[in-house]
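This report covers strand pairing, helix packing and internal cavities. Keep the structure in view while reading.

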Amino acid sequence: MKLLIRPAPEVAIKSKPVRRQQMRHLRQNIRKLLARLDHDIVVDGSWDRVDVSFPDDRGLSGQVLDELLRIPGISTIEEIGVFPFVGLDDVAEKAVAAFADRLEGKTFAVRARRQGEHEFRSIDLERTVGSALMAAAKARGVDLSNPEVEVRIAVQDDHYHIAHRKHRGQGGYPLGSVETVMTLISGGYDSSVAAYLMMRRGLRSHFLFFNLGGTAHEVGVRQVVHYLWDRYGASHSAKFISVPFDGVVAEIMRSVNHRHWGVVLKRQMLKAAAELARKNNAIGVVTGDAVAQVSSQTLTNLNVVDRASDEVVLRPLISMDKETIIDIAREIGTESFARNMPEYCGVISQKPATRAKLHRVEADEAEMDETVLAGAIEAREEIAISRLLEATSTPEDVELVQTPGVDDVIIDVRHPSEGERAPLKLTNNQVLEIPFYELNEQIGELPEDRQYLLYCDRGSMSRMHAGHLKAEGHDNVKVYAPAS
């Protein structure tokens with residue numbers, strides 16, 4: 001099988017040096033991510049395309065396509081069948097096998113082109129294949145001007161290609177071909193969608209989390225950050241930075257007029273984000289703000305917030321309504337995380353200022369102890385996102401089980417999209433599908449006289465949650481770790 005990849009149209013209009021650089025980034029990103037599936041996958045390319053080929057006998061087609069559909073910078077992916085050229089009848093036979101079922105009740109046209117020396121013309125090939133398809137398929141007819149299905153065939157010297165299906169990619173720019181940013185992440189709908197949109201635009205991102213006092217919240221944020229990075233940004237290394245901000249919150253509530261609490265909190269976050277961005281060679285800060293969604297996001301207040309730093313602040317959601325944001329979250333797979341994310345509501349004013357005055361906010365901030373923010377930044381924790389889940393440790397050791405007992409219940413804690421791609425099937429054991437973000441709620445409803453084995457592909461998510469459940473007193477929870 002061969003896949004033909006075209007870059008996003010925006011790449012095609014760049015100058016030659018920029019286009020060359022972006023295509024190089026795209027090939028490198030594809031090569032790095034597909035190597036995780038199989039080292040025999042070959043990634044090649046030219047000025048305006050990337051070719052991916054892999055052995056047909058390893059069942060890689062679905063996995064490769066799924067990976068490519070999530071890589072920023074790809075406009076379309078076309079499945080190509082490659083065959084040695086024997087004759088026109090053989091081409092027609094292969095075309096019938098590929099398209100007969102898809103033409104029922106539809107109009108079609110055969111588009112052929114050829115390179116090299118042959119005893120036939122392109123129109124001869126189109127007529128031969130078109131006649132075979134009309135005879136074998138229940139097509140509505142041929143429409144050369146506006147067909148519902150196009151059958152594309154390319155003959156080159158001693159072999160030919162049949163284009164099967166075309167898929168729409170992520171679009172945008174290849175990750176890493178633009179600058180690096182620092183993305184503020186809370187795990188909710190807005191910040192996760194903002195992070196995705198920036199990665200889709202080619203911006204490599206580090207993730208910055210301000211912990212306002214909740215361990216459960218941080219665990220949830222780590223999970224959504226790892227999910228986003230693993231699905232859309234794993235071609236590049238990135239950091240997760242957690243800053244303990246409960247002390248800053250306490251200082252705001254002690255020193256600042258309550259009408260300014262929300263605005264000052266955002267200014268303190270922006271000051272910290274700007275400093276950490278500089279330390280990590282990031283030249284911008286990304287937030288999930290949308291105009292007028294909450295009181296601190298009026299244009300007046302956003303202007304006051306932005307004056308806390310000289311760094312550029314990017315707000316990809318600025319004009320979106322909540323329904324649109326949730327739709328995107330559902331499409332990219334973060335809606336279920338956001339829906340179950342714990343929220344911290346400790347800095348909400350009764351009558352927040354919607355048109356804060358900069359000089360008054362700055363006067364309030366002047367009453368704060370500056371060492372509190374500096375101490376929070378100094379106490380930050382930084383970790384590579386690739387190690388994020390394994391580094392989320394618990395004091396409890398959990399037992400790994402390779403062969404479950406016949407009465408053991410397996411709990412598949414993977415995200416539903418992962419389960420759909422590779423369902424877990426066991427002959428003698430009951431399998432429950434409970435995503436990790438619903439596990440804490442549902443575990444108490446299960447019979448206590450059974451043993452439960454948590455399962456995920458790599459074992460890190462299942463170990464982490466089994467450790468948490470054991471620490472909470474669930475001694476009947478272990479990890480299913482089948483031998484590889």
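## Strands E9 and E10

Thr183 has Phe207 in E10 as its bridge partner. The model is predicted. Strand E9 (residues 180-184) runs parallel to E10, and 5 bridges join the two. E10 is mostly covered, with 7 of its 8 residues buried.

Phe207 also appears in the lining of the second largest cavity.

## The second largest cavity

This cavity holds about 40 Å³ of space. Its lining consists of Leu175, Met199, Leu203, Arg204, Ser205, Phe207, Trp229, Gly233, His236 and Ala238. Two or more lining residues come from each of strand E10 (204-211) and H7. E10 gives the most, with 3 residues.

By class, 6 lining residues are nonpolar, 3 are polar and 1 is charged.

## The largest cavity

How many cavities of 30 Å³ or more does a search of the whole structure find? There are 2. The largest has a volume of about 40 Å³. Leu33, Arg36, Glu67, Arg70, Ile71 and Pro72 are among its lining residues. Asp230, Arg231, Tyr232, Gly233, Ala234 and Ser235 also line this cavity.

Helix H7 (residues 215-233) supplies the largest share of the lining, 4 residues. The classes here are 5 nonpolar, 2 polar and 5 charged residues. Gly233 is listed in the lining of the largest cavity and in that of the second largest.

## The eight-stranded sheet

An open sheet of 8 strands follows the order E2-E3-E1-E4-E8-E7-E5-E6. Its pairing is mixed. Strand E2 (42-45) and strand E6 (141-142) stand at the edges. Each has a single partner strand, so one side of each lacks a neighbour in the sheet.

Strand E1 (residues 2-7) and strand E4 (residues 74-84) run antiparallel, joined by 6 bridges. Lys2 stands opposite Ile80 in E4.

## Helices on the strands

Helix H3 (residues 61-68) packs on this sheet. H3 touches E1, strand E3 (50-53), E4 and strand E8 (159-168). The direction of H3 makes about 155° with that of E4. Glu67, within the largest cavity's lining, falls in the residue range of H3.

Helix H5 (residues 122-136) lies across strand E5 (107-115), E6 and strand E7 (149-156). H5 runs at about 145° to E5.

## Glu150

Glu150 is found in strand E7. Is Glu150 buried or partly exposed? Glu150 is partly exposed: its relative accessible area is 32%, and the buried class requires under 20%.

Leaving out residues up to four places away in sequence, Glu150 touches Phe99, Ala109 and Arg111. Glu150 and Ser237 are 87 residues apart along the chain. Their C-alpha atoms are separated by 41 Å.

## The parallel sheet

Another open sheet has 5 strands, in the order E15-E19-E18-E16-E17. The pairing is parallel. Which strands stand at the edges? They are strand E15 (400-401) and strand E17 (430-433). Each has a single partner strand, so one side of each is left without a neighbour in the sheet.

Strand E16 (residues 409-412) pairs with E17 in the parallel sense over 4 bridges. Ile411 stands opposite Leu432 in E17.

Key
Residues are numbered from 1 along each chain as its sequence is written. This is a predicted model: local features need pLDDT of at least 70, side-chain atom pairs count only at pLDDT 80 or more; totals for chains, interfaces and linings use all residues. Side-chain values use heavy atoms; hydrogens and water are left out. On a 1 Å grid over the protein atoms alone, a cavity is a set of points where a 1.4 Å probe fits but cannot get out, and a pocket is an open set with protein on both sides within 12 Å along at least five of seven lines; lining residues have an atom within 4 Å of a point. Grid points are joined across faces, edges and corners, and a volume is the space filled by probe spheres set on the points. Ala, Val, Leu, Ile, Met, Phe, Trp, Tyr, Cys and Pro count as nonpolar, Asp, Glu, Lys and Arg as charged, and the others, Gly among them, as polar. Two strands pair if DSSP finds at least two bridges between them. Contact means heavy atoms within 4.5 Å. Axes are lines fitted to C-alpha atoms, for helices over the stretch in contact, and angles run from 0 to 180 degrees between N-to-C directions. Buried means under 20% relative accessible area, exposed over 50%, partly exposed in between (1.4 Å probe, protein chains only).
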